[in-house]
Amino acid sequence: MREGATRSGTGTALALVLLLGGCGSGGEREATPAPYVTPSALLPEPPPAPPSSSPRPAPSRSPGSPPAEGKGGRDPDDVNGDGFADLTFVMSHASWSPDLVIVYGSKGGLNPRTRTVVPGAHLEFTGPTSTADLDGDGFADVLVHGHVVRRGPATDSPHILWGGPKGVDPEAVPTAVPTSLTPRAFSHGTLPGDFDGDGEADLVLKTPMTRGTSEHRESLAVLYGPFTRQGVPRRHTVQPSPGDVGFHGLAVGKVGGRRAGDLLVYDGGDDGQAETWLVRGGPGGLSRQARRLNKGKSFAFGDFDGDGRGDVVVADSGSRTNEPGYDTEPPSVDGVMTVYFGGTRRTPQTFRNLRFARTLTAGDYDGDGTDDLAIDRGPDGVELLHGGGGGLRRGGKTIRRSGPATDPTGGKPHPSERLARPWTSADYDGDGRDELLLTWSPTGSNPALSLWWVTDGDRDENTFDTGNW
């Protein structure tokens, strides 16, 4: 089965006072709940200043049709609650603000004619996006990042667009996640998960380094749902991050079921492979202990052996630093992918000589109840590994999709610049099998154009482009 079932209204903004925690220790132990502060510690904050000018005009384009009204459900990717997963992404433009796009699923899969385009009139969208039902009403909400359109310095922060029976209201003002953290805390995004296993979506982010101490680490903040329509969490915790230095980013699995999800923390500000740690979730929330995993920079969560417990994959992304003496990786890392199985003492599964895995995307592409894995191997295509009782196995299909030989400006992109890359996976047509989504956009020309392929691993179920959106 899948590791996850994973991702209107506004109110006065509130400031979340986060108390920075103390230091934790190394190896993996039984989960210990982190201390928390109740919502009584939430203090009011003045509302943001209004936009300084009228929204920047966008050129005329073909509007989409609204989606069918849904009744709600438990799918964290289903924004309008009609039983089909939906796609969200930020669409850049050459001469006006980026838009947030939602393409709705249906019995026939993703339908590009049924979409919502939210213009960047109130929020300058910077991406990435993710989905989860943050207020517990049965409709997935869209978590976006960006800064308010107004005078003064740009401050990126997480915001919420609320889902509902008709999807997202394109005229809605995004709700800020109220927090007093500095902009640096959001430089690598805020991610949804369910870290205490109560079935309600939570948010995890990193906080700035502790001031006035000898600590040189960021901290982990978890905002536990459900959230109010003002973006206020039920409670929150703050705890030290694993490792000895500040970390670079986070990776999580999709929200779903009543099983606590885990968190992967990785360091590395250069292009080398990163130190990684796994922080387990549990009834009290994230553990204050962590397990060190193999180095890598590509990650995926899923249930790859079908035992109902979450597993995590760490792989060599192929990137290397350009510093003398650091442009190689040891044999234990170079071209290696490792599968760590959850909830058991099972020995990790190791794949060698993969060369590299630019990205990893998990999904149940054959509908057998066990997650499979799509590996972006660059010019070697997208390789599918199938899951089963023994874990992942090679020997699946290799998928190759390419953009046109001539881009919209008449340029001739290099073959490596034409390759479609995995974006995400979900069950967009409700048939019990996940579809793998591949995408391509031209480099350095018309960024509003992107091509999309929706494949089940054997064939393309549909394709579309965003050229006139």
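This is a short chat about reading a few features of a predicted model.

Visitor: What should I know before I start?

Guide: The model is predicted, so local features need pLDDT of at least 70 and side-chain atom pairs 80 or more, while totals for chains, interfaces and linings use all residues. Residues are numbered from 1 along each chain as its sequence is written, and side-chain values use heavy atoms, without hydrogens and water.

Visitor: In what order do strands 4, 5 and 6 form a sheet?

Guide: Strands of a sheet pair through backbone hydrogen bonds, either parallel or antiparallel. Here the open sheet runs 4-5-6, with antiparallel pairing. Strands are DSSP runs of E, at least two residues, numbered from the N terminus; two of them pair if DSSP finds at least two bridges between them. Strand 5 (residues 99–103) and strand 6 share four bridges, and Ile102 has Thr116 as its bridge partner in strand 6.

Visitor: How many salt bridges are there in the whole structure?

Guide: Side chains of opposite charge can pair when their charged atoms come close. A salt bridge puts a side-chain nitrogen of Lys or Arg within 4 Å of a carboxyl oxygen of Asp or Glu. The search finds 19. In one of them, Arg280 and Asp262 have their closest N and O atoms 2.6 Å apart.

Visitor: Are Asp305 and Arg346 buried or partly exposed?

Guide: Buried means under 20% relative accessible area, exposed over 50%, and partly exposed in between (1.4 Å probe, protein chains only). Asp305 is buried at 9%, whereas Arg346 is partly exposed at 31%. Their side chains meet in a salt bridge (3.1 Å, N to O).
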